[in-house]
Amino acid sequence: RVALLKGLPADTLGKMADSLTLSEGAETVIETLKSLGYKIGLISGGFDYFGKYLQEKLGLDYVFANALEIRDGKLTGRITGDIIDAGRKAEILKTITTVENINLHQTIAVGDGANDLPMLRVAGLGVAFHAKPVVRQNAHRSISSVGLDGLLYLMGISEREIRQT
């Protein structure tokens, strides 16, 4: 799929990033968890340009995504570095626990596709969010009818704690 981007001017990415819409409740989750001392990361099979954009906008602590190769101001249709696939997502989560000196059981992972399943399985709490049926069936928990802020209630965070952010 990335080959289809060959020749696209790199400055087009900024326009695309500006049009990104966040999942309902995403900002509330991030603000609340950051205020409670949590570290927040994005581990995506998408592209690093958009991950870094979200990192700056939302204050994410970690971003891991596929790095688009850009030459002479244009996308080459290739990525550089390791491909962030299903297995790599789980490995990255494990690496973050080492860096943060926490136990893997203290992690929460949220995903929607089959490529998230290994990461959801190794996390202390793996949550399928508006996910495909196979993901819902294989995750620890599932959120399907509310926004991402439903994660806060699943974690036992009170409405008062949410409003204090």
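Helices here are DSSP runs of H or I with at least four residues, numbered from the N terminus. In this predicted model, one such run is helix α4, which covers residues 86–100 and contains Lys-89. That residue makes a convenient starting point, and the wider architecture follows from there.

The relative accessibility of Lys-89 is 3%, so this lysine counts as buried, the cut-off being under 20%. Its side chain joins that of Asp-116 through a polar contact of 2.6 Å. Once residues up to four places away in sequence are set aside, Lys-89 touches Ile-43, Ser-44, Gly-45, Ile-84, Asn-115, Asp-116 and Met-119. Helix α4 itself lies across strands β1 and β2, and runs at about 150° to β1.

Stepping back to the whole chain, the protein holds 8 helices and 6 strands. Their succession along the sequence reads α-α-β-α-β-β-α-β-α-β-α-β-α-α. The radius of gyration is 17 Å, close to the 15 Å given by the globule rule for 165 residues, so the protein is as compact as a globular protein of that length. Along the principal axes, the C-alpha trace spans about 50 × 35 × 30 Å. Of the 165 residues, 37% are buried. Among contacts with a separation of 6 or more, 43% come from residues 24 or more positions apart. The exposed surface of the protein comes to about 9600 Å², and carbon and sulfur atoms supply 50% of that area.

The strands can now be taken sheet by sheet. Strands of a sheet pair through backbone hydrogen bonds, either parallel or antiparallel. One open sheet has 3 strands in the order β1-β2-β3, with mixed pairing. Its edge strands are β1 (41–47) and β3, each of which pairs on one side only. From one strand to the next, the twist averages 40°. Helix α3, residues 48–58, packs on this sheet and touches β1 and β2, its direction making about 130° with that of β2.

The mixed character of the pairing shows in the individual strand pairs. Strands β1 and β2 run parallel and are joined by 4 bridges, with Phe-47 standing opposite Asn-66 in β2. Strand β2 (residues 62–71) and strand β3 (residues 74–80) run antiparallel, and 4 bridges join them as well. In this pair, Ala-67 stands opposite Thr-80 in β3. The two strands form a hairpin with 2 residues between them, and Asp-72 in the turn has a positive phi of about 50°.

Which side chains does Glu-69 meet through polar contacts? This residue of strand β2 has a relative accessible area of 13%, so it is buried. The side chain of Glu-69 makes a polar contact of 3.4 Å with the side chain of Arg-71. A polar contact of 2.8 Å joins the side chains of Glu-69 and Arg-78. With neighbours within four places in sequence left aside, the residues in contact with Glu-69 are Lys-74, Leu-75, Thr-76, Arg-78, Ile-79 and Thr-80.

Another open sheet is built from 3 strands in the order β4-β5-β6, and its pairing is parallel. Why is one side of β4 and of β6 left without a neighbour in the sheet? Strands β4 (108–111) and β6 (141–143) stand at the edges and have a single partner strand each, so one side of each lacks a neighbour there. The twist in this sheet averages 25° from one strand to the next. Strand β5, residues 125–129, runs parallel to β4 and is joined to it by 4 bridges. Within that pairing, Gly-111 stands opposite Ala-128 in β5.

A last look goes to helix α6, which covers residues 133–138 and includes Val-134. Is Val-134 buried or exposed? At a relative accessibility of 39%, Val-134 counts as partly exposed, because that value falls between the 20% limit for buried and the 50% limit for exposed. Val-134 and Gln-106 lie 28 residues apart in sequence, and their C-alpha atoms are 24 Å apart in space.

Conventions: Residues numbered from 1 in each chain as written. Predicted model: local features only at pLDDT ≥ 70, side-chain atom pairs only at ≥ 80, totals over all residues. Heavy atoms only, no water. Buried < 20%, exposed > 50% of the residue type's maximum accessible area, 1.4 Å probe, protein only. Pairing = 2+ DSSP bridges. Axes fitted to C-alpha atoms, helices over the stretch in contact; angles between N-to-C directions. Rg over C-alpha atoms; globule rule 2.2 N^0.38 Å. Contact = heavy atoms within 4.5 Å. Areas by Shrake-Rupley, 256 points an atom, 1.4 Å probe, with all protein chains shown as cover. Polar contact = N/O pair within 3.5 Å; in protein donor to acceptor, adjacent residues only side chain to side chain.
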